[in-house]
Amino acid sequence: MAKGITEGDGGLVESEVKKALSEGSEPRDVLVNGLIGSMSVVGKRFGAGDMFLPEVLMSANAMHKGLDIVKPLLAESGERTMGRIVIGTVEGDIHDIGKRIVGFLLVGNGYEVVDIGVDIKAETFIQSVEEHKSVEEHKPDVLGMSALLTTTMPNMKQVIDLLKEKGLRDKVKIMVGGAPLNDDFAKSIGADGFAPEAGSAVELVKKLIGS
Ligand code: B1M
């Protein structure tokens, strides 16, 4: 799996994921230790200048081949809907791997997840919270925002400020995440919580909506 992801070979990732599952590995284990673990190697190499953007993109695409297999299995293991989470990556930011993983784990833990995509404008996040005015009628218990760029982090505050302006802030809990964020930043923008990785995002949601 690691070889497939680091070399951007989606076919290899797909066959290794299937093999691991058929040999009895748990979908969550394949996700966390196989796919996420391998992608973090790519992240480190990219950060160290040992990999370049086109290669990283190929790795990301290869990882998605594995995610697509694991996602429905995580969904199956969820027993019931414990709450609805709308999740998206903020405006100007197209990173979606981490956000998708957070979504998959939430689904696997019984939550309904509506992933509204990447490069999402503040107004679109707001529409998802407004009752009866939602673009897709998905009024959430938790609004999750992801940002991977220091330059797009401030766009999270824009969303929260707009919610306040429209008198909607108390209608939804807000969770933020993404590698450049931390607790202090989350507090400073008025979010209800920050999750450093997908597992803690599930725990945070449980805490926020008491489920
Ligand atoms: Co980009 N990129 N990238 N990139 N990229 C980073 C983030 C960067 C740190 C790389 C570096 O320089 N070392 C850097 C940001 C620097 C900064 O702002 N400080 C960077 C840059 C600069 C850029 C571009 C500007 C590069 C360019 O064009 N010159 C460009 C920006 C495009 C844009 O968004 N407008 C860009 C583009 C890309 C690709 C398209 C090539 C690709 C994204 C593909 C995709 O997502 N479909 C990409 C990738 C893959 C990366 C790295 C290598 C890996 C990110 C990733 O997927 N990690 C990244 C370097 C790195 O992280 N070391 C980098 C794996 C993922 C599982 O982890 O996303 O952290 P992560 O998610 C975790 C947690 O953060 C948390 O849980 C997840 C799972 O545990 N989490 C949440 C995330 N969201 C959450 C939401 C929550 C809760 C938890 O609640 C709502």
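The following dialogue examines the terms applied to a predicted model and the values behind them.

Modeller: In this predicted model, local features need pLDDT of at least 70 and side-chain atom pairs count only at pLDDT 80 or more, while totals for chains, interfaces and linings use all residues. Residues are numbered from 1 along each chain as its sequence is written, and side-chain values use heavy atoms, with hydrogens and water left out.

Colleague: What makes His-95 a donor to the cobalt atom of the ligand?

Modeller: Donors are N, O and S atoms within 2.8 Å of the metal (3.2 Å for Na, K and Ca). The NE2 atom of His-95 is 2.2 Å away from the cobalt, so it qualifies, and it is the single donor from the protein. Water is not among the atoms, so sites may look incomplete.

Colleague: Where is His-95 found with respect to β1 and α5?

Modeller: His-95 is in the loop between β1 (84–90) and α5 (97–108). Helices (H or I, at least four residues) and strands (E, at least two) are DSSP runs, numbered from the N terminus. The protein has nine helices and five strands, in the order α-α-α-α-β-α-β-α-β-α-β-α-β-α.

Colleague: What is meant by the largest pocket, and what is its volume?

Modeller: On a 1 Å grid over the protein atoms alone, a pocket is an open set of points with protein on both sides within 12 Å along at least five of seven lines, whereas a cavity is a set where a 1.4 Å probe fits but cannot get out. Grid points are joined across faces, edges and corners, and a volume is the space filled by probe spheres set on the points. For the largest pocket that volume is about 1,200 Å³. Its lining, meaning residues with an atom within 4 Å of a point, has 40 residues, of which Met-39, His-95, Ile-97, Gly-98 and Leu-148 are the closest to the centre. Two or more lining residues come from each of α3 (27–47), α4 (53–77), α5, β3 (142–146), β4 (173–177) and α9 (198–209). The greatest contribution is that of α3, with eight residues.

Colleague: How do you know which lining residues of the largest pocket belong to each class?

Modeller: Ala, Val, Leu, Ile, Met, Phe, Trp, Tyr, Cys and Pro count as nonpolar, Asp, Glu, Lys and Arg as charged, and the others, Gly among them, as polar. On that basis the lining has 25 nonpolar, 11 polar and four charged residues.

Colleague: Why is Met-145 called buried or exposed?

Modeller: Buried means under 20% relative accessible area, exposed over 50%, and partly exposed in between (1.4 Å probe, protein chains only). Met-145 has 2% relative accessibility and therefore counts as buried. This residue belongs to strand β3. Contact means heavy atoms within 4.5 Å, and residues up to four places away in sequence are not counted for Met-145, whose partners include Gly-88, Phe-125, Ile-160 and Ile-174. Across the protein, buried residues make up 48% of the 211 residues.

Colleague: Which class do the values of Lys-18, Asp-119 and Glu-123 support?

Modeller: Lys-18 has a relative accessible area of 47%, so it is partly exposed. Asp-119, at 40%, is likewise partly exposed, as is Glu-123 at 46%. Lys-18 is placed in helix α2 (residues 10–22), Asp-119 in strand β2 (residues 112–120) and Glu-123 in helix α6 (residues 122–129). Asp-119 also has a positive phi, near 55 degrees, in a residue other than glycine.

Colleague: What makes the radius of gyration agree with that of a compact globule?

Modeller: The radius is taken over C-alpha atoms, and the globule rule is 2.2 Å times the number of residues to the power 0.38. With 211 residues the rule gives a value near 17 Å, and the protein has 17 Å, so the two agree. The C-alpha trace spans about 50 × 40 × 30 Å along its principal axes.

Colleague: How many of the contacts between residues at least 6 apart in sequence join residues at least 24 apart?

Modeller: The share is 69%. As one pair of residues distant in sequence, Glu-123 and Leu-163 are 40 residues apart in sequence and 9.2 Å apart in space, C-alpha to C-alpha.
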